[in-house]
Amino acid sequence: MALSAGTEDWDFSVASLGPCRVDSPLAPLVEARRTTEAYVDEGDRVLFDDTISMVAARGLPIERLPSFEPGGPRRRIYFDPAKTRVAIVTCGGLCPGLNDVIRGLVLELTEHYGVQRIVGIRNGYQGFVAKYGRDVVDLTPDAVAGINEHGGTILGTSRGQQDPEEIVDCLERLGITMLFVIGGDGSMRGAIGICRVVGERGLKISVVGVPKTIDNDIPFINQSFGFQTAFSRAAESIRTAHVEARTVPNGVGLVRLMGRHSGFIACYAALAKNDADFVLIPEVPFTLHGTNGLLARLRKRVIERGHAVVVVAEGAGQELLDPEGTDASGNQKLSDVGVYLRHRITEDFEEAGLEINLKYIDPSYTIRSVPANPYDSVYCLRLAHTAVHAAMAGRTQMVVGRWHGRFVHVPMRLAVSRRNQVDPDGDLWMSVLEATGQPARLG
């Protein structure tokens, strides 16, 4: 994520329900620990900047440098586990690792803190609202056993906003003191609304988010869970497209991948197999026509090598297509750039009098629904642990994530303040250009 001016004015403070007066069951595990290269003490901070030049450029004293509160268990906590009732909800689109997070939350709450009352809310924020008639499910260690081996979410999900007043009504009826929201940008905006109502009513309910975005586009977090699984699976589609393209005359493999606003999946998947000739992402506009446009460059590559592979993120090239309106969550509906490019590439080759054998692959939903790979499974579990520690310590209106390899608490208002995107001047995009050989700008 590129730095912008004024970062020293960002408020990194995390809201708290009050002082921690309860001895934590995990206190013996952290009593003697101090900050090291592998651990951050609860009284320390994690710097936003990671280079000397960035720190020096601010010209600020240490205590004013932008920094995050570290995640992890505390010696004393806010909630009495014996009197704590927890709710867990999953919102938005599917993503590998949702069940891993649910399982991690339940096991940490029950086995290490001794919480006995945990309910799952069905079908996202709809599950809080009476008119939808959704029931709740008791979440116990037995109920979540083995769910990490399956894709999707056992709680179900939905999109769209719901009235935060009705949601908090439901939390009060259920006697909830701690809510975990697993979701993306829209879900966290909804959680901020819940926190607002909770505050207006003077309630002591902790709301902690585990940010979910398969596109890796949440800021202030190095990587979102499920992302590694997603680009690993996407890379296999690129390999398939490459095999198909190179076995026929003038073969072109066209792969459309996820990435509404950010091209991380397309970039990482292309680098993982190194079979792509062109990678198109939302952050780098391109044109079709002209001597340096995509079509001319693609024709030249096919003539010279006999085949080519094009990888396009779903949000790329939207300026070339007509807008489609918005969905239930208020997100801009994207025109199908993959189908558009398939038509335009085929048309261009025919106009040039060239044979073309184009294979179009869109693996989006097969990627969203798969179980997490081992790396993401570990990451999901550690995020769940961090979320539980934060909530038990009375933190609220925040999400958990990892920054510079450290688990941290990020205020929700920062997590929804912008999008994490591929920097066209950064080293990731430079690696893509090196791997593909495409020009820095097409057109």
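In this predicted model, proline 70 has valine 408 of strand 17 as its bridge partner. Proline 70 belongs to strand 4, residues 67-70, and strand 4 is joined to strand 17 (residues 406-411) by 2 bridges, the two strands running antiparallel. On another side of the pairing scheme, strand 4 also pairs in the antiparallel sense with strand 3 (residues 46-47), again over 2 bridges. There, leucine 47 stands opposite serine 67 of strand 4.

These pairings are part of an open sheet of 9 strands, in the order 3-4-17-16-10-9-6-7-8, with mixed pairing. Strand 3 and strand 8 (136-138) are the edge strands; each has a single partner strand, so one side of each lacks a neighbour in the sheet. In general, the strands of a sheet pair through backbone hydrogen bonds, in either the parallel or the antiparallel sense.

Moving along the sheet from strand 17, the next strand in the order is strand 16. The two run antiparallel and are joined by 6 bridges, with tryptophan 403 having arginine 406 of strand 17 as its bridge partner. Strand 16 (residues 398-403) is in turn joined to strand 10 by 2 bridges, and here the strands run parallel. Valine 208 has methionine 398 of strand 16 as its bridge partner.

How many of the residues of strand 10 are buried? The count is 6 of the 6 residues, 206-211, so the strand is largely enclosed by the rest of the structure. The burial applies to both faces: Ser206, Val208 and Val210 are buried on one side, and Val207, Gly209 and Pro211 on the other. Strand 10 also pairs with strand 9 (residues 178-183), in the parallel sense and over 6 bridges. Within this pairing, the bridge partner of valine 181 is glycine 209. The connection from strand 9 to strand 10 passes through helix 5 (residues 185-200), and this β-α-β crossover is right-handed.

Back at strand 4, the loop that leads from there to strand 5 (76-77) holds arginine 74. Arginine 74 has a relative accessible area of 3%, which is under the 20% limit, so this residue counts as buried. Two polar contacts of its side chain are to backbone oxygens in the preceding residues. One is to the backbone oxygen of proline 70, which lies 2.8 Å from a polar atom of the arginine 74 side chain; the other is to the backbone oxygen of glycine 72, at 2.9 Å. Leaving aside residues up to four places away in sequence, arginine 74 touches Ser24, Val30, Glu42, Glu69, Ala393, Arg395 and His409. Glycine 43 is 31 residues from arginine 74 in sequence, and the C-alpha atoms of the two are 9.5 Å apart.

Two asparagines in loops have an unusual backbone setting. Most residues other than glycine have a negative phi. Asparagine 216, in the loop between strand 10 and helix 6 (227-246), has a positive phi of about 65°. Asparagine 274, in the loop between helix 7 (264-273) and strand 12, also has a positive phi, near 55°. Are these residues buried or exposed? Asparagine 216 counts as buried, at 4% relative accessibility, whereas asparagine 274 is partly exposed, with a relative accessible area of 44%.

Helix 9 completes the tour. Its 15 residues, 337-351, reach 21 Å from the first C-alpha to the last, close to the 21 Å expected at 1.5 Å a residue. Its buried residues are Val337, Gly338, Leu341, Arg344, Ile345, Asp348 and Phe349. Seen down the helix axis, these fall within an arc of 130°, so they line one face of helix 9. An α-helix has 3.6 residues a turn, so residues three or four places apart point the same way. The face turned away from the buried side carries the exposed residues Glu350 and Glu351.

What do the buried residues of helix 9 pack against? Their partners are helix 8 (294-305) and four strands: strand 11 (251-257), strand 12 (278-280), strand 13 (307-313) and strand 14 (357-361). At the N-terminal end, helix 9 is capped by aspartate 336, which has a side-chain oxygen 3.0 Å from the backbone nitrogen of glycine 338. Just after the helix, glycine 353 takes a positive phi of about 70°.

Technical notes:
Residues are numbered from 1 along each chain as its sequence is written. This is a predicted model: local features need pLDDT of at least 70, side-chain atom pairs count only at pLDDT 80 or more; totals for chains, interfaces and linings use all residues. Side-chain values use heavy atoms; hydrogens and water are left out. The expected span of a helix is 1.5 Å times one less than its number of residues. Buried means under 20% relative accessible area, exposed over 50%, partly exposed in between (1.4 Å probe, protein chains only). The arc is that of the directions from the helix axis to the C-beta atoms. Contact means heavy atoms within 4.5 Å. A polar contact is a pair of N or O atoms within 3.5 Å; within protein, one must be able to donate a hydrogen and the other to accept it, and residues adjacent in sequence count only if both atoms are side-chain atoms. Two strands pair if DSSP finds at least two bridges between them. A crossover is right-handed if, with the strands pointing away from the viewer, the path from the first strand over the helix to the second runs clockwise.
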